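Trainee: I am new to this structure. Could you take me through the terms used for it?
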Amino acid sequence: MAKSVLVSRGLEDEARRLLEQHATVDFHGVEDPLPRTDLIRRLQGKDGLICQITDTIDDEVLGAAPGLKVVSNIAVGYNNIDVAAARRRGVIVTNTPDVLTETTADFAWALLMAAARRLVEADRYVRTGQWKQWEWRLLWGADVHGKTLGILGFGRIGRAVARRARGFDMRILYHDAVRADSAVEHELGAAFVPRETVLREADFVTLHTPFMPQTRHLIDEAALRSMKRTAIVVNAARGPIVDEAALARALRERWIAGAGLDVFEEEPRIHPGLLDLDNVVLAPHIASASQETRLAMAMLAVRNCVAVLEGNPPLTPVP
Ligand code: GLV
């Protein structure tokens, strides 16, 4: 009998065609999230679910579909899924690592550069007709080249960010729960140091840890107060890694110089204290949103789902 799959959102045509070759598909098909009650109702009798980070897949949702074999998340992060509950129920969970690494690292750099060189402020200045003449003292920012980059979380994306920093002749410090091989450290020119040293010495602190209980508010008031007054924080990982209220205060009171944020504690709500500040660049969680990468993510999610439904190991199960 044909397997059946619920897709909680839209899916690119190419990915959709691939999935339809292997399963009967129930597409929500629109960008608005499926309300939880609809998700539970439509999941009944399904063999597979292809979902996104805004879908909360907890024990109750999983319990709605006793025949479910796979939850395929179209994202590298999977903190929206109760993986332990899935394991207990024999459901395989997959994510989409690797295909988005370079694109996400590019975007972390875009945030870093935009915050350092005040690009968004500059754009607003031009568009609002404030630019009357060339001015010596206009919109001075901070140099990036030759500075110290601090990376918290030295997995695939953190390392891709480090690789780019070499072209800017930066000193690279990192901290992670697990130290990288010395060959990796050597190749990237990155030094493993305590978290406190990263915070104290970095000109740019960029976050690339997964979100889990241990990384909640990794950047809190104490962390922000320990940074240089010229420091810039970049977050393209997960919002709750930063205490947003503390960050808003730090930016307003200039304990640090700036921030570039793609993710927030309660998306799409943004702490009101951030919205009227010039020294923060805000983006709507788009770090992996290039055309090529979003298609690659959708294709990988479909391939993971199909593999499990056909009794094969998934390409990228969550660890
Ligand atoms: C996006 O946030 C992802 O985890 O892929």
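**Strands, helices and a pocket**

Mentor: S4 stands opposite T24 in β2. This is a predicted model, where local features need pLDDT of at least 70 and side-chain atom pairs pLDDT 80 or more, while totals for chains, interfaces and linings use all residues. Residues count from 1 along each chain, and side-chain values use heavy atoms, without hydrogens and water.

Trainee: How do you know that β1 pairs with β2?
Mentor: Pairing takes at least two DSSP bridges between two strands. A strand is a DSSP run of E, at least two residues; a helix is a run of H or I, at least four. Five bridges join β1 (residues 3-7) to β2. Therefore they count as paired.

Trainee: What makes β2 and β5 edge strands?
Mentor: The open sheet runs β2-β1-β3-β4-β5, with parallel pairing. β2 (23-27) and β5 (92-94) each have a single partner strand, so one side of each lacks a neighbour in the sheet.

Trainee: What does helix α1 touch?
Mentor: Contact means heavy atoms within 4.5 Å. Helix α1 (residues 13-20) packs on the sheet, touching β1, β2 and β3 (48-51).

Trainee: Why is the space of about 300 Å³ called a pocket?
Mentor: On a 1 Å grid over the protein atoms alone, a pocket is an open set of points with protein on both sides within 12 Å along at least five of seven lines. The second largest pocket has that volume, the space filled by probe spheres set on the points. Its 21 lining residues, those with an atom within 4 Å of a point, include A115 and R118, among the closest to its centre.

Terms used:
On a 1 Å grid over the protein atoms alone, a cavity is a set of points where a 1.4 Å probe fits but cannot get out, and a pocket is an open set with protein on both sides within 12 Å along at least five of seven lines; lining residues have an atom within 4 Å of a point. Axes are lines fitted to C-alpha atoms, for helices over the stretch in contact, and angles run from 0 to 180 degrees between N-to-C directions.
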